[in-house]
Amino acid sequence: MFHIFCPYCQEYREEEEFHPSGQAHIERPAEPASVSDEAWGDYLFLRDNPRGIHHEMWVHRLGCRKFFNITRDTASYEILETYRMGEQPSITAASAEVRREQGVQTADGGWQTVGARPENSRLNEETPS
Amino acid sequence: MSEARSEARPEDNGGNAATFDAHPGADAGVTPESPLQWSRVQGRVTEEGGAAEQIRVVERPFLGHLVLRGGAITLDEAVRAELGVSLPGKPLGLVLDAEGSRSVQWVSPDEWLVIVPAGEEFELENRLRARLGDAHFAIVNVGGGQTLLELSGEKARELLMKSVTYDVHEQGLPVGKAVGTVFAKTSVVLRRPSEARFELVVRRSFADYCVRWLLDAGREYGLRVESASP
Ligand SMILES: [Zn+2]
């Protein structure tokens, strides 16, 4: 079960209140009429499926009913950050790579965390992977 | 039809929408039925009265529920002028007027729920529309779609703990806070207007379900669901 920080309600809520809505930061072609069928098909259907850092859109459907973004590690399930619509992530696959190279401990699979909550980091570290 | 006006054309309220009074009174020949009407017919909801229990659930039917949408600054000015209450300054805020019978609740960054005594919402909506004029806003009267249940008594919190995922203890839900959350697989708005009271705003189509849940969860406390007369 995720414990998700809603950037609009400004507090953690149970996953039950939320719903995932697919990959974030997908831009609609500015002029759909002049886009090729293939490019339009890609826009509609083609999605990334990375192992590791992924940016997703979620909606706080039973709370404030706003959409927002989550940066999540698909291997560890760890939620690294949540941010509002229109904002850019501060953690990306590239920045996570830097963290790993610098020897900062990151989640690398096997267990599920309860969220990117600072007070939970100790809990995460104590959980055997 | 009653003497008082029950409709307003756009040119009457200075806005861009026609409005009508959802509570035109008995003269109009319309008998209002709250979302708990079916529960009442089935005998699950009784008239208000009786001894104080460990827990009391009382419906406050036919209140005026308005949803305001728009920019916080614009709406705050209008609401302060017409209702004498400012919009809650923080997310999840709930403010009441001095009497405690009119409230404004934060719903999302551009959305507020205003609840006023029955019959006040029509004139309030017209006055707000007239004041807001050409500003970018929306006002929707949602009073027909939801109703308010008041929970009080020493066991009220225990009952909520069985029903919602939200933390209803003092640190999670202090006075002056209101949240949308999960209640027994459906959604409710859970409000804490005062030390002694919790409030649930339930949707019409789920109202009977919520009542049945409350009756079941509250059986051990001898819970009854009552409805106040309008
Ligand atoms: Zn939210």
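## His25(A) and the fold of chain A

In this predicted model, His25(A) sits in the loop of chain A that runs between strand 3 (19–23) and helix 1 (37–45). Its backbone has a positive phi of about 60°, although His25(A) is not a glycine, and with a relative accessibility of 39% the residue counts as partly exposed.

The chain to which this loop belongs has three helices and six strands, which follow one another along the sequence in the pattern β-β-β-α-β-β-β-α-α. Chain A comprises 129 residues, of which 38% count as buried. Among its contacts between residues at least 6 apart in sequence, 51% join residues that are at least 24 apart.

## The zinc site

Chain A supplies the protein donors of the zinc ion, namely the SG atoms of Cys6(A), Cys9(A) and Cys64(A) together with ND1 of His60(A), and these lie 2.0 to 2.5 Å from the metal. The angles subtended by the four donor atoms run from 105 to 114°, and the arrangement is therefore tetrahedral. For comparison, the ideal angle for four tetrahedral donors is 109.5 degrees.

Along the sequence, the donor residues are spaced C-x2-C-x50-H-x3-C. Cys6(A) belongs to strand 1 (residues 3–6) of chain A, whereas Cys64(A) lies in the loop between strand 4 (53–59) and strand 5 (67–73), so this pair ties together parts of the chain that are 58 residues apart in sequence. Both Cys6(A) and Cys64(A) are buried.

## Strand 4 of chain B and the loop after it

Glu59(B) is placed in strand 4 (residues 56–60) of chain B, and its relative accessible area of 0% makes this residue buried. Leaving aside residues up to four places away in sequence, Glu59(B) touches Ser34(B), Pro35(B), Leu36(B), Arg40(B), Thr147(B), Leu148(B), Leu149(B), Glu226(B), Ser227(B) and Ala228(B).

Phe62(B) is found in the loop between strand 4 and strand 5 (64–70) of chain B. Phe62(B) has a positive phi of about 60° without being a glycine, and because its relative accessible area is 16%, under the 20% limit, the residue is buried.

Elsewhere in chain B, Ala28(B) occupies the loop between strand 2 (19–20) and helix 2 (37–41), where a relative accessibility of 26% makes it partly exposed. The C-alpha atoms of Ala28(B) and Ser6(B) are 9.5 Å apart in space, while the two residues are 22 apart in sequence.

## Helix 5 of chain B

Within helix 5 (residues 156–163) of chain B, the residues Ala156(B), Leu159(B), Leu160(B) and Ser163(B) are buried. When the helix is viewed down its axis, these buried residues fall within an arc of 100°, so they line one face of the helix.

Several elements of chain B contribute to the cover over the buried residues of helix 5, including strand 10 (146–152), strand 11 (177–183), strand 12 (186–194), strand 13 (197–203) and helix 6 (207–217).

## The second largest pocket

The second largest pocket holds about 410 Å³ of space and is lined by 23 residues. Those lying nearest its centre are Arg65(A), Val107(B), Gln146(B), Val189(B) and Arg203(B). The elements giving two or more residues to this lining are strand 7 (103–108), strand 8 (111–116), strand 11, strand 12 and strand 13 of chain B.

Notes: Residues numbered from 1 in each chain as written. Chains lettered and ligands numbered in written order. Predicted model: local features only at pLDDT ≥ 70, side-chain atom pairs only at ≥ 80, totals over all residues. Heavy atoms only, no water. Donors = N, O, S within 2.8 Å, 3.2 Å for Na, K, Ca; no water. Tetrahedral: all angles 85-135°; square planar, octahedral: opposite > 155°, others 65-115°. Helix = DSSP H or I, 4+ residues; strand = E, 2+ residues; numbered from the N terminus. Buried < 20%, exposed > 50% of the residue type's maximum accessible area, 1.4 Å probe, protein only. Arc of directions from axis to C-beta. Contact = heavy atoms within 4.5 Å. 1 Å grid on protein atoms, 1.4 Å probe; cavity = no way out; pocket = protein on both sides within 12 Å on 5 of 7 lines; lining within 4 Å. Points joined across faces, edges and corners; volume = space filled by probe spheres on them.
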